[in-house]
Amino acid sequence: MEAENPGIVKLKCCVKNYDWGKIGRDSSVARLYARNSGEEADDSKPYAEFWMGSHESGPSYAVAVPVPGDQGENGVPNGSHGSGNDCKLVNLKDWIEQNPSVIGDKVLQKWGRSLPFLFKVLSVAKALSIQAHPDKVLAEVLHKQQPDIYKDDNHKPEMALAITEFEALCGFISLEELKLVVQNVPEIVEVVGNACADQVLHTSKRDGEEKSKEILRSIFTELMSAEKVVISEAISKLISRLIIKREVRELTDKEELVLRLENQYPGDVGVIAAFLFNYIKLSSGEALYLGADEPHAYIYGDCVECMATSDNVVRAGLTPKNRDVQTLCSMLTYKQGLPQVLKGVALNAYTVKYVPPFDEFEVDQCFLPKGTSAVFPAVPGPSVFLVMAGDGKLQTLSHEELVAEGDVLFTRANTEITAATTSGLNLYRAGVNSRFLGESNTT
């Protein structure tokens, strides 16, 4: 029989020290992890991602009822939290499997005994890889063929919500912009060939979207598949040309970005491929969402990220990690044009909701000034709350939990939560998409 469960459970969460992360206390991830874990940040290490969820590559642990002197059982680790008493930490995935009612019937029927979303904070100091995430069918194939690289069989639609100004490459540029690239970046033409370039220049919107996609696929695949020595020579010419150009006139934002990328990843094909992608700058409070098979690369800044519970990434540039150029080039949609930027919908004076077109997740941003409160209505799915800054309390009808920066809390389905503060509180909430749950959540 399932055990009685509180409406709010604190979580101990996982950190990732990828080399593109911000260093030590300059990283929001480092500060959050230090407060969440009680460990001091190492000022010599990069802190890239703070994971909140049940994925086996970075599991969270539910902080159980304090058990003084408990030494753990069945390999479950112990830890301390709050009062200094020993606390048993239970793997969140295991805890949900043992207590499925906490995620609600609708979520249980759709995804089984698991949390369908993974919540993260990213602190990006240098560019992440040019990458895309496979759809469900391809994810299952890749996981079966290469389980050491593709860790699970799930798809990974995702959304990035900017905390600071946040830079990203996202999706392919339009046909008209592609023509300008062919005309103004001769180094790309040298790599892909004149025939490829002429196809771009002699194509128009009247030829149809599929024709445009076919030509884009051809030029991108030629570029990404070129020999390293060819790419290295092209980038050398490109950088020399841009440095000379900078002395006589101002470079474009994309050209300045290319110089930055070359400093970070010398000779990498992703440096020159950046010309083919949209360069996006999000302001704090703006969000991008990315479906399966859409190319992107985060460049700089801090964001909250939410996605389906997966760690599947197909990479092809700007990375020292495994590259799978053939898979990436074959899987992409080659959709062209600027991505949609979400600004969110205000639920009340303090809370804004971001709802992407994916069943697995949505995100709320809640900034409470001194002496205020906000209600998160009961929904038939689970939520994960992150305290980004400040302090206060989260309350159910029968329980109150004091919270401060770095605290992460799981709240069970069908639980109304009131957040309140006397001094100021910044919260983010991840939950299952309201449209899937049939909840408007607009009051």
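Let's start where helix α7 meets helix α8 (residues 209–225): their axes cross at roughly 155° and come within 10 Å of each other. This is a predicted model, so take everything below as read from predicted coordinates. An angle over 145 degrees counts as roughly antiparallel, and α7 and α8 are therefore roughly antiparallel to each other. The crossing in which α7 passes α8 is left-handed. On the α7 side the contact is made by Cys-196, Gln-199 and Val-200, while α8 brings Lys-211, Ile-215, Ser-218, Ile-219 and Glu-222.

Now look at what α7 does with helix α5. Here α5 (residues 175–184) and α7 (residues 194–201) pack with their axes 9 Å apart, at an angle of about 140°. That value makes α5 and α7 oblique to each other. The crossing of α5 and α7 is left-handed. Leu-175, Leu-178, Lys-179, Val-182 and Gln-183 supply the α5 side of this contact, and they meet Ala-197, Val-200 and Leu-201 of α7. Val-200 is worth a second look, since it appears in the contact with α5 and again in the contact with α8.

Zooming out a little, an unreviewed UniProt entry annotates residues 193–276 as "domain: Phosphomannose isomerase type I helical insertion". The model fits the word "helical": over residues 193–276 the chain is 75% helix and 0% strand. The C-alpha atoms at the two ends of that span are 16 Å apart.

Further along the span, pick out Ile-235 in helix α9 (residues 228–248). Is Ile-235 buried or exposed? Its relative accessibility is 1%, so Ile-235 counts as buried. Leaving out neighbours within four places in sequence, Ile-235 is in contact with Glu-262, Gly-267, Asp-268, Val-269, Val-271 and Ile-272. Take Asp-268 from that list: Ile-235 and Asp-268 are 33 residues apart in sequence, yet their C-alpha atoms are 8.1 Å apart in space.

Next, the nonpolar interior. In soluble globular proteins, nonpolar side chains tend to be buried together. Here the largest nonpolar core has 56 residues, and Phe-220 and Leu-223 are those with the most contacts inside it. Another core lies apart from it, with 47 residues, including Leu-32, Val-102, Val-121 and Val-384. Back at Phe-220, and not counting residues up to four places away in sequence, this side chain's residue touches Phe-172, Leu-276, Phe-277, Leu-328, Cys-329, Leu-332 and Tyr-334.

Follow that last contact to Tyr-334, which sits in the loop between α12 (325–331) and β17 (341–342). With 1% relative accessibility, Tyr-334 counts as buried. What about its backbone? Most residues other than glycine have a negative phi. Phi of Tyr-334, though, is positive, near 60°. Asp-293 is another non-glycine residue with a positive phi, of about 65°. Asp-293 is found in the loop between β14 (287–290) and β15 (296–308), and its relative accessible area of 10% means that Asp-293 is buried.

Asp-293 also leads us to the annotated site. The unreviewed UniProt entry gives a "binding site" at Gln-131, His-133, Glu-158 and His-296. These residues are spread over 166 residues of sequence but cluster in space, the largest C-alpha distance being 12.6 Å. His-133 lies in the loop between β10 (130–132) and α4 (136–145). Its relative accessibility is 0%, so His-133 counts as buried. Which residues does His-133 contact, leaving aside its neighbours within four places in sequence? They are Lys-156, Glu-158, Ala-292, Asp-293, His-296, Asn-312, Val-313 and Met-331. Among them are Glu-158 and His-296, which belong to the annotated site too.

Two more stops finish the walk. Ser-54 lies in the loop between β5 (49–52) and β6 (61–66), and at 7% relative accessibility Ser-54 counts as buried. Leaving aside neighbours within four places in sequence, Ser-54 is in contact with Leu-92, Lys-93 and Leu-115. Then there is the stretch at residues 354–395, where UniProt (unreviewed entry) places "domain: Phosphomannose isomerase type I C-terminal". That span is 0% helix and 62% strand, and its end C-alpha atoms lie 23 Å apart.

How values were computed
Residues are numbered from 1 along each chain as its sequence is written. This is a predicted model: local features need pLDDT of at least 70, side-chain atom pairs count only at pLDDT 80 or more; totals for chains, interfaces and linings use all residues. Side-chain values use heavy atoms; hydrogens and water are left out. UniProt positions are given in the numbering used here, feature names are shortened, and annotations may be inferred rather than shown by experiment. Helices (H or I, at least four residues) and strands (E, at least two) are DSSP runs, numbered from the N terminus. Buried means under 20% relative accessible area, exposed over 50%, partly exposed in between (1.4 Å probe, protein chains only). Contact means heavy atoms within 4.5 Å. A nonpolar core is a set of buried Ala, Val, Leu, Ile, Met, Phe, Trp, Tyr and Cys residues joined through side-chain atoms within 4.5 Å. Axes are lines fitted to C-alpha atoms, for helices over the stretch in contact, and angles run from 0 to 180 degrees between N-to-C directions. Angles under 35 degrees count as roughly parallel, over 145 as roughly antiparallel, 65 to 115 as roughly perpendicular and the rest as oblique. A crossing is left-handed if the near helix is turned anticlockwise from the far one by less than a right angle, and right-handed if clockwise.
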